[in-house]
Structure formats: structure tokens, C-alpha cells
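Visitor: I have just opened this one at my desk and would like to talk it through with someone. Where shall we start?

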Amino acid sequence: MQLPDNDATWRLEFETEQIVGKSEFPYAKHQNAEYLEPICRSYPNLPNEGQGNGGATQFLTTAEIKLKRMINLKTGEVIPF
């Protein structure tokens, strides 16, 4: 899941059945392209798990999501919920 104003440092873990039927894939180029982009490719200069080559999966939802935990991919910090 991609968070606004985030450099893909955090991985959020949650039960996916919470968003079944309540999510969609975004269009590329910040919703301005005519094609969907479930895997980040438009801006490969943005970090993905510290690699900086794109390739992170993404989706959009307005549903509230109960997290299991957050993991900082740079430091290894884990925040349980």
C-alpha cells in the first residue's frame, strides 16, 4: 500500500479481506494516464524498499483498514497494532 508523501520506507500489513470489493488499481502518472498501474513504473526514481527502482505494488481505497503491524524497511523497526 502506498501512502501519500511517503518514500516507500514503511510496509503496512493487514488482512486483505477488509478491502475486497472496496479497492481499485490507480492509473499511472498520478491518475493522469489512460492505463492502470498496479505495479509502480511511472517514476522509477522514487524509492521502493530502499532500492529506488520502482516496482512496488499499489492500490487505492477509501475503506478504513485495521493494521496488523508497520515495518520500517530501512531500520527494521516494527510497530504492532
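**A hairpin to begin with**

Guide: In the hairpin formed by strand 4 and strand 5, where five residues lie between the strands, Gly 76 has a positive phi near 85°. Helices (H or I, at least four residues) and strands (E, at least two) are DSSP runs numbered from the N terminus. Before we go on, please note that this is a predicted model, in which local features need pLDDT of at least 70 and side-chain atom pairs count only at pLDDT 80 or more, while totals for chains, interfaces and linings use all residues. Residues are numbered from 1 along each chain as its sequence is written, and side-chain values use heavy atoms, with hydrogens and water left out.

Visitor: OK, and how do strand 4 and strand 5 pair?

Guide: Strand 4 and strand 5 (residues 78-80) run antiparallel to each other and are joined over three bridges; pairing here requires that DSSP finds at least two bridges between two strands. One of the positions involved is Arg 69, whose bridge partner in strand 5 is Pro 80.

Visitor: What about strand 1 and strand 4, how many bridges there?

Guide: Five bridges link strand 1 and strand 4, again in the antiparallel sense, and Glu 13 stands opposite Arg 69 of strand 4.

Visitor: Let me step back a bit. In what order do the elements of the protein chain run?

Guide: From the N terminus on, the order is β-β-α-β-β-β, which comprises one helix and five strands.

Visitor: Glu opposite Arg caught my eye. Which side chains meet Glu 13 in a salt bridge?

Guide: The Glu 13 side chain meets that of Arg 69 in a salt bridge, at 2.6 Å from N to O; the term stands for a side-chain nitrogen of Lys or Arg within 4 Å of a carboxyl oxygen of Asp or Glu. Because Glu 13 belongs to strand 1 and Arg 69 to strand 4, the pair ties together parts that are 56 residues apart in sequence. Glu 13 also meets Arg 11 in a salt bridge, at 3.2 Å from N to O. As a general point, side chains of opposite charge can pair when their charged atoms come close.

Visitor: And how many salt bridges does the structure hold?

Guide: There are three salt bridges, including one between Lys 68 and Glu 15, whose closest N and O atoms are 3.2 Å apart. Lys 68 lies in strand 4 and Glu 15 in the loop between strand 1 and strand 2 (23-24), so this pair ties together parts that are 53 residues apart in sequence. Arg 11, Glu 13 and Arg 69 are joined into one network by salt bridges that share partners.

Visitor: Switching to the inside: which residues make up the largest nonpolar core?

Guide: The largest nonpolar core consists of seven residues, namely Leu 12, Phe 14, Ile 19, Phe 59, Ile 65, Leu 67 and Met 70. Strand 1 (10-14) and strand 4 (67-72) are the elements that contribute two or more residues to this core. Such a core is a set of buried Ala, Val, Leu, Ile, Met, Phe, Trp, Tyr and Cys residues joined through side-chain atoms within 4.5 Å, and buried means under 20% relative accessible area, exposed over 50%, and partly exposed in between (1.4 Å probe, protein chains only).

Visitor: What does Leu 67 touch?

Guide: Leaving aside residues up to four places away in sequence, Leu 67 touches Leu 12, Glu 13, Phe 14 and Phe 81, a contact being heavy atoms within 4.5 Å.

Visitor: Now Glu 37, where is that found, and is it buried or exposed?

Guide: Glu 37 sits in the loop between helix 1 and strand 3, and with 9% relative accessibility Glu 37 counts as buried. With residues up to four places away in sequence not counted, Glu 37 touches Pro 26, Tyr 27, Ala 28, Lys 29, Ser 42 and Gln 58.

Visitor: And Leu 36, where does that lie?

Guide: Leu 36 lies in the loop between helix 1 (28-31) and strand 3 (60-61), and its relative accessible area of 45% makes Leu 36 partly exposed.

Visitor: Last thing, which helix 1 residue has a phi near 55°?

Guide: That is Lys 29, where phi is positive although the residue is not glycine, and Lys 29 lies in helix 1. Gln 31, also placed in helix 1, has a positive phi near 70° and is likewise a residue other than glycine.
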